[in-house]
Amino acid sequence: MNDDDELLQAVVAMVRRARHVVVFTGAGVSAESGIATFRDALTGLWERFDVAELASAEGFAADPGLVWGWYEWRRMSVMRALPNAAHRAIAALASRVPKLTLVTQNVDDLHERAGSERALHLHGSLFAPRCFDCGRPASLPSDVPDEPDGGRRIAPPRCDSCGGPVRPGVVWFGEMLPEGVLQQAFDAARSCDVLVSIGTSSLVFPTAQIPVDAHRAGAKVIQINPNATDLDAIADFNLRGTAAMMVPALVRAAHRCT
Ligand code: APR
């Protein structure tokens, strides 16, 4: 058995003993589905725009068509993508441990499409638009822009209730995270035995505090990431590899031992 196998066996043993596992995901879990990270999505026609123009309430107020068009383009690329082996393994793990709470920073729906019943979306969702003026939930347009590599201004739909412009249901720069969802994530982190952080740079606060709080409350923290992050310092185990490689290996091994 080499060092990597021993590390995996130790992690597997910990997951098997756990009563409550928190899985905390970031853009890296969707990378192998071909979903660009927020910054990587600022390419092509979008290169000349600044994040503040595309991802803030001020940017939307200044040019709603530009912002709605960008998010529709991102939604389109997510709809063309498929969940990968990591998303599927996380969904499978939920039925193999007594309790699993899935917390994600991603605005895609790949966890749900892989079979996870519920994900706490800390940064909102591309699939839950709401009115910019009155805040009421809105439905998505049925005609989807068909420009995978392009991008263009698209006038946002109008709210059925007040006629205001519909905005993407994601958390923009300068906005608060959804309070109830954030609280549930912190509660889960502070009461779990094991937290598995997958594919996040652990740089964006307050979300980056979630694994730190789990660690402080006594949980074991496992990190799966091909690259070093700030979480390395407190993680009990750092599994260096991609999500689609490491997560299924971990879940398969945990299953074999039961
Ligand atoms: N498997 C696992 N991890 C990966 C993979 C992969 N195949 N590919 C990349 N990663 C890792 C990177 O090493 C990096 O640590 O995923 C992480 C992605 O980091 P970010 O792009 O910063 O994504 P995230 O941590 O989700 O960012 C949080 O910041 O830009 C905002 O709102 C945006 O939700 C996002 C938030």
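Is D213 buried or exposed, and at what relative accessibility? I began my notes with this residue, and I keep in mind throughout that the model is predicted. At 10% relative accessibility, D213 counts as buried, because the cut-off for that class is under 20%.

**Entry on D213 and its partner.** I looked next for what D213 pairs with, and found that its side chain meets that of R190 in a salt bridge, with 2.7 Å from N to O. The two residues come from distant parts of the chain, 23 residues apart, since R190 belongs to helix α8 (residues 179-191) and D213 to helix α9 (residues 209-216). I then checked the arginine, and R190 counts as partly exposed at 42% relative accessibility, whereas D213 is buried.

**Entry on the other salt bridges.** The structure holds 7 salt bridges, and I looked up two more of them. One joins the side chains of D63 and R153 at 2.5 Å, N to O. This pair also links distant parts of the chain, 90 residues apart, with D63 in the loop between α4 (57-62) and α5 (64-80) and R153 in the loop between β4 (124-131) and β5 (166-170). I noted R153 as exposed, because its relative accessible area of 51% is over the 50% that the class requires.

The other is formed by R113 with D109, and here the closest N and O atoms are 3.3 Å apart. For this pair I recorded R113 as partly exposed, at 36% relative accessibility, and D109 as buried, with a relative accessible area of 18%. As a reminder to myself, side chains of opposite charge can pair when their charged atoms come close.

**Entry on the ligand.** I turned to the ligand and asked which pocket it occupies: where does the ligand sit? The ligand sits in the largest pocket, and 19 residues surround it, the closest being E32, T200, S201, N225 and N227. When I went through the secondary structure elements, helix α2 (residues 27-31) turned out to give the most to this shell, with 3 residues.

I then listed polar contacts to oxygen atoms of the ligand. A polar side-chain atom of N227 lies 2.7 Å from one such oxygen atom, and an N or O atom in the side chain of H123 is 2.8 Å from an oxygen atom of the ligand. With Q105 the contact is through the backbone, a polar atom of which is 3.2 Å from a ligand oxygen atom. Finally I noted the cover: on its own the ligand has 730 Å² of accessible area, of which the protein covers 78%.

Technical notes:
Residues numbered from 1 in each chain as written. Predicted model: local features only at pLDDT ≥ 70, side-chain atom pairs only at ≥ 80, totals over all residues. Heavy atoms only, no water. Salt bridge = Lys/Arg side-chain N within 4 Å of Asp/Glu carboxyl O. Helix = DSSP H or I, 4+ residues; strand = E, 2+ residues; numbered from the N terminus. Buried < 20%, exposed > 50% of the residue type's maximum accessible area, 1.4 Å probe, protein only. Near = heavy atom within 4 Å. Polar contact = N/O pair within 3.5 Å; in protein donor to acceptor, adjacent residues only side chain to side chain. Areas by Shrake-Rupley, 256 points an atom, 1.4 Å probe, with all protein chains shown as cover. 1 Å grid on protein atoms, 1.4 Å probe; cavity = no way out; pocket = protein on both sides within 12 Å on 5 of 7 lines; lining within 4 Å. Sits in = over half its atoms within 2 Å of the grid points.
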